[in-house]
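I opened a fresh notebook page for this one. My plan is to look up a few spots, then rings, then pockets.

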Amino acid sequence: MPFLSDPVQAGDLQLANRIAMAPLTRNRSPNAVPTDLVATYYTQRASAGLLISEATAITQQGQGYADVPGLYAPEQIAGWKKVTSSVHAAGGKIVVQLWHVGRVSHTDLQPGNAAPVAPSAIQAKTKTVLIKDGVPTFVETSMPRALELAEIPGIVADYRRAARAAIDAGFDGVEVHAANGYLIDQFLKTGSNTRTDAYGGSVENRARLLVEVLTAVSAEIGGGRTGIRLSPVTPANDVIDADPQPLFEYVVRQLGPLGLSYIHVIEGATGGPREVEGRPFDYAALKAAYRTAGGNGAWMVNNAYDKALAETALANGADIVAFGRPFIANPDLVTRLERNAPLNEVNRATLYGGGAEGYTDYPALAAS
């Protein structure tokens, strides 16, 4: 039986252990540029087998929250180079999560204060974060406009360019964010996609953008450096699908031939219960569909894992377990899990925005 401390191969990535740090939005990149403080934060956590960066906008149009990083301007790439160089010097591996938020945005964050874009003009019943008078403030998202059919190839090209920029910035690979109610997930799910063209209606049509993006990204940087994050039943950001099991089994069957590094699956509600009332889902069948389609990427599981549950997941065939909020307060989470040491508590008041407090000042264990 594999253990959390065992090495594992994820496509082209040889990882020192089976513990991944999940992407965690922290809103500490003013003007979308990662700072030296961001480099410190990731480097403190470089003992993880794989660091997955906070979600990073592929364009300004793809930005949905204040002070989140981007990967579309030279100064952003330069900022990320500091991060990746520092993580690599500490012996770590890091991929960037490529993000287009779609409708989960606000006109204040969009180029020219335009409406956010989405598969359909349906407003998300959720909130985003703006900085008002220096204070992170939750506000309602803006009404989006539906993307024109002719605009969609440009979105795919934006993902491809961002993937190349990621490699130029020194990342070991990318994770395409197709979860949590953001743009690709909005196209996937019936509650947010009412299109009647080639990107709406049938499962095949709703999955078309995802398949086109993953095909383009893997062609640009190699499938072995490309991962994807999926969340079949999360209600995050007001998304729902009428029948997620056949939808997501279709998705992973299309991903099978691409030779991806890993599939990252959020089980249940993101940051919430592992079973979503009224939304049953068979994750074992999902994995079987991927393997049957020739998918050999590592299978990464995520959501409310502790050490015992993680070890059970590995025994049941998972390859990697992603930990989210425990990594915020425990930069040495890998060591704490190895020693069965107690965990620091997260300071929720400092999760989004600010400086070093609640970001880089959490204590590590004393050396043994």
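**Entry 1: a spot in a helix**

I began with Val156, which counts as buried at 11% relative accessibility. Buried here means under 20% relative accessible area, exposed means over 50%, and partly exposed is in between, with a 1.4 Å probe and protein chains only. Val156 sits in helix α3, residues 152–168. Helices (H or I, at least four residues) and strands (E, at least two) are DSSP runs, numbered from the N terminus. I also checked Val156 against Val213: the two are 57 residues apart in sequence, and their C-alpha atoms are 5.2 Å apart in space.

Notes to self on the ground rules: this is a predicted model, local features need pLDDT of at least 70, side-chain atom pairs count only at pLDDT 80 or more, and totals for chains, interfaces and linings use all residues. Residues are numbered from 1 along each chain as its sequence is written, and side-chain values use heavy atoms, with hydrogens and water left out.

**Entry 2: two glycines and a threonine**

I looked up Gly49 in the loop between α1 and β4. Gly49 is buried, with a relative accessible area of 3%. Its C-alpha is 7.0 Å from that of Gly92, and 43 residues separate the two along the chain.

Next was Gly224, in the loop between α6 (208–221) and β11 (226–230). Gly224 is buried too, at 10% relative accessible area. I tried it against Pro111, 113 residues away along the chain, and got 34 Å between the C-alpha atoms.

Then I went to Thr128 in strand β7. Is Thr128 buried or exposed? Thr128 is buried, with a relative accessible area of 0%. A polar atom of the Thr128 side chain lies 2.2 Å from the backbone oxygen of Gly64.

**Entry 3: positive phi**

I wanted residues other than glycine with a positive phi. Ala32 has one, at about 70 degrees. Ala32 is in the loop between β3 (19–21) and α1, and it counts as buried at 5% relative accessibility.

Asn340 is another, with phi near 55 degrees. I found Asn340 in the segment after α11 (333–339). At 57% relative accessibility, Asn340 counts as exposed.

**Entry 4: rings**

How many aromatic pairs does the structure hold? I have 12 written down. Rings of Phe, Tyr and Trp (its six-membered ring) pair if their centres lie within 6.5 Å; planes under 30 degrees apart count as stacked, over 60 as edge-to-face and the rest as tilted. I picked Tyr42 and Trp80: their ring centres are 6.2 Å apart and their planes stand at 50 degrees, so this pair is tilted. Tyr42 lies in helix α1 (residues 36–44) and Trp80 in helix α2 (residues 74–89), so the pair ties together parts 38 residues apart in sequence. Both Tyr42 and Trp80 are buried. They belong to one aromatic cluster with Tyr41, Phe171 and Tyr359.

I also looked for charges over rings (NZ of Lys or CZ of Arg within 6 Å of the ring centre and within 35 degrees of the ring normal). Arg208 lies over the face of Tyr199, 5.9 Å from the ring centre. Arg274 does so over Tyr305, at 4.6 Å from the ring centre.

**Entry 5: pockets**

Rolling a probe the size of a water molecule over the atoms shows where empty space is left. A pocket, on a 1 Å grid over the protein atoms alone, is an open set of points where a 1.4 Å probe fits, with protein on both sides within 12 Å along at least five of seven lines; lining residues have an atom within 4 Å of a point.

The largest pocket has a volume of about 1100 Å³, volume being the space filled by probe spheres set on the points. It is lined by 42 residues, and Leu24, Thr270, Gly271, Arg325 and Tyr352 lie nearest its centre. Which element gives the most to this lining? That is α10, with three residues. The lining divides into 20 nonpolar, 15 polar and seven charged residues. Ala, Val, Leu, Ile, Met, Phe, Trp, Tyr, Cys and Pro count as nonpolar, Asp, Glu, Lys and Arg as charged, and the others, Gly among them, as polar.

The second largest pocket has a volume of about 330 Å³. Of its 15 lining residues, Glu267, Tyr283, Val301, Tyr305 and Asn316 are the closest to its centre. I noted that α8 (283–292), β13 (298–302) and α9 (307–315) each supply at least two residues of this lining.

Technical notes. A polar contact is a pair of N or O atoms within 3.5 Å; within protein, one must be able to donate a hydrogen and the other to accept it, and residues adjacent in sequence count only if both atoms are side-chain atoms.
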